[in-house]
Amino acid sequence: MKGRVAVVTGAARGIGAATAVRLATEGAAVALFDIEDGVEAVARRIDEAGGKALPVRCDVSSEDAWATAVAQCRAELGPVDVLVSNAYTVDVLPAHETSLASWERQLSVNLTGTFLGFRTCLPDLSRHGRGAVVLTSSVHAHFGLPGRPAYAATKAALTGLARQLAVEYGTVLRVNAVLPGPVLTEAWNGIGEADRRRSAEATAVKRLGTPEEVAAAIAFLAGDDASFVTGAELTVDGGWSVVKDSS
Ligand code: NAD
């Protein structure tokens, strides 16, 4: 990652923050995009460890915000070599209780935000033939979970988008998707101990994952070790999706 510039969205905490730290540790200059304050603290941690980080306020659902944020990144760090589209939002409600506004907000952050980020960064990513894009999808792209219709739809759409972009821009950049399973982040704050235990038990390894374990997979897909990997889905779920509970 030395000499490369990476943009990570949703980098104020969780998997995004761990990914920014990981890419910086591998030598990338990292722009941390988020709507929340936390990006400054994560950027400070990276700076203190001798890395290079730029905290940027960016609502990924806004085309103007992307233009401004990427311009700042180019001016302060240089053109973008790696894009990790990871920011998301979810309203946990069944379909019949999901308002149109909620549905559209989830689509605009999770899916349109990724499209806008890709389109804004494309001139940079495609300029030298080794641009890399990693989209954070979810095991819920393929498996149902009550109460998350818009979330699941966007995560499935991201795997389709990764394949499509991989084909369309295959000669100039790579696009892959990471599908995390249950990973303990701040997103789990409202989830009680019993439900956490149930989720851990549903994996093959019988524990929740860490943000760093997903960050390692993202770093692999973003780097040259994955130079022949594009259009792929990499599941990082402790075996959650291959466990068949027959009890
Ligand atoms: P998190 O809630 O800890 O972090 C999400 C970040 O996205 C936050 O910092 C938030 O401020 C940011 N964000 C939200 N809306 C934004 C916007 N409009 N513009 C910019 N930033 C915005 O989440 P996490 O658990 O680290 O999840 C990260 C990714 O991993 C998500 O795409 C999620 O779907 C995926 N994932 C997580 C799990 C899990 O168990 N944690 C499982 C499967 C998939």
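**Entry 1: β4 and its partners**

I began with the pair β4 and β5 in this predicted model, and I found that four bridges join these two strands, which run parallel. Looking for a facing pair of residues, I noted that Val84 stands opposite Val134 in β5. I then followed the chain from β4 through helix α4, residues 100-125, to β5, and I recorded this β-α-β crossover as right-handed.

How are the two faces of strand β4 placed, buried or exposed? I went through residues 82-85 and found both faces covered, with Val82 and Val84 buried on one side and Leu83 and Ser85 buried on the other.

On the side of β1, I looked up the pairing with β4 and found three bridges in the parallel sense. Here Val7 stands opposite Leu83 of β4, and Val8 stands opposite Val84 of β4.

**Entry 2: β1 and β2**

Next I turned to β1 itself, where five of its five residues are buried. When I sorted them by face, Val5, Val7 and Thr9 fell on one side, while Ala6 and Val8 fell on the other.

I then looked at how β1, residues 5-9, meets β2, residues 29-34, and found that they pair in the parallel sense over five bridges. Two facing pairs went into my notes: Val7 is opposite Ala31 in β2, and Thr9 is opposite Phe33 in β2. I also wrote down that β1, α1 and β2 together make a right-handed β-α-β unit.

**Entry 3: the whole sheet**

In what order do the strands of the open sheet stand? I read off β3-β2-β1-β4-β5-β6-β7, seven strands with parallel pairing. At the edges I found β3 (52-57) and β7 (233-236), and because each has a single partner strand, one side of each is left without a neighbour in the sheet. I also noted that neighbouring strands of this sheet are turned by 20° against each other on average, with direction ignored. As a reminder to myself, strands of a sheet pair through backbone hydrogen bonds, and the pairing is either parallel or antiparallel.

**Entry 4: helices on the sheet**

I looked for helices that lie on these strands, and I saw that α2, residues 38-48, lies across β2 and β3 and runs at about 175° to β3. Helix α5, residues 149-168, packs on the sheet as well, touching β5 (131-136), β6 (173-180) and β7, and its direction makes about 160° with that of β6.

**Entry 5: around the ligand**

Which residues come nearest to the ligand? Of the 27 residues around the ligand, I listed Gly10, Gly14, Ala87, Ser138 and Thr185 as the nearest. Among the elements, helix α1, residues 14-25, gives the most to this shell, with three residues. Sorting the shell by class, I recorded twelve nonpolar, ten polar and five charged residues.

**Entry 6: three loop residues**

I looked up Gly51 first and placed this residue in the loop between α2 and β3. Gly51 has 19 C-beta neighbours inside 10 Å, and since a residue needs 20 or more to be buried and 12 or fewer to be exposed, Gly51 counts as partly exposed. Leaving aside its neighbours within four places in sequence, I found Gly51 in contact with Ala24, Thr25 and Ile46. I also checked Gly51 against Gly27, and these two are 24 residues apart in sequence but 7.0 Å apart in space, C-alpha to C-alpha.

Lys206 came next, in the loop between α6 (193-201) and α7 (211-222). I noted that its phi is near 60°, which is a positive value in a residue other than glycine. Is Lys206 buried or exposed? I counted Lys206 as exposed, because 12 other C-beta atoms lie within 10 Å of its own and the cut-off for exposed is 12 or fewer.

Last I looked at Pro146, which has its place in the loop between β5 and α5. With 7 C-beta neighbours inside 10 Å, Pro146 counts as exposed. Then I compared the position of Pro146 with that of Ala217, and I noted that their C-alpha atoms, 71 residues apart along the chain, are separated by 27 Å.

Note on methods: Residues are numbered from 1 along each chain as its sequence is written. This is a predicted model: local features need pLDDT of at least 70, side-chain atom pairs count only at pLDDT 80 or more; totals for chains, interfaces and linings use all residues. Two strands pair if DSSP finds at least two bridges between them. Axes are lines fitted to C-alpha atoms, for helices over the stretch in contact, and angles run from 0 to 180 degrees between N-to-C directions. Two residues are in contact if their C-beta atoms, placed from the backbone, lie within 7 Å. A crossover is right-handed if, with the strands pointing away from the viewer, the path from the first strand over the helix to the second runs clockwise. A residue is near a molecule or strand if its C-beta atom, placed from the backbone, lies within 6 Å of it. Ala, Val, Leu, Ile, Met, Phe, Trp, Tyr, Cys and Pro count as nonpolar, Asp, Glu, Lys and Arg as charged, and the others, Gly among them, as polar.
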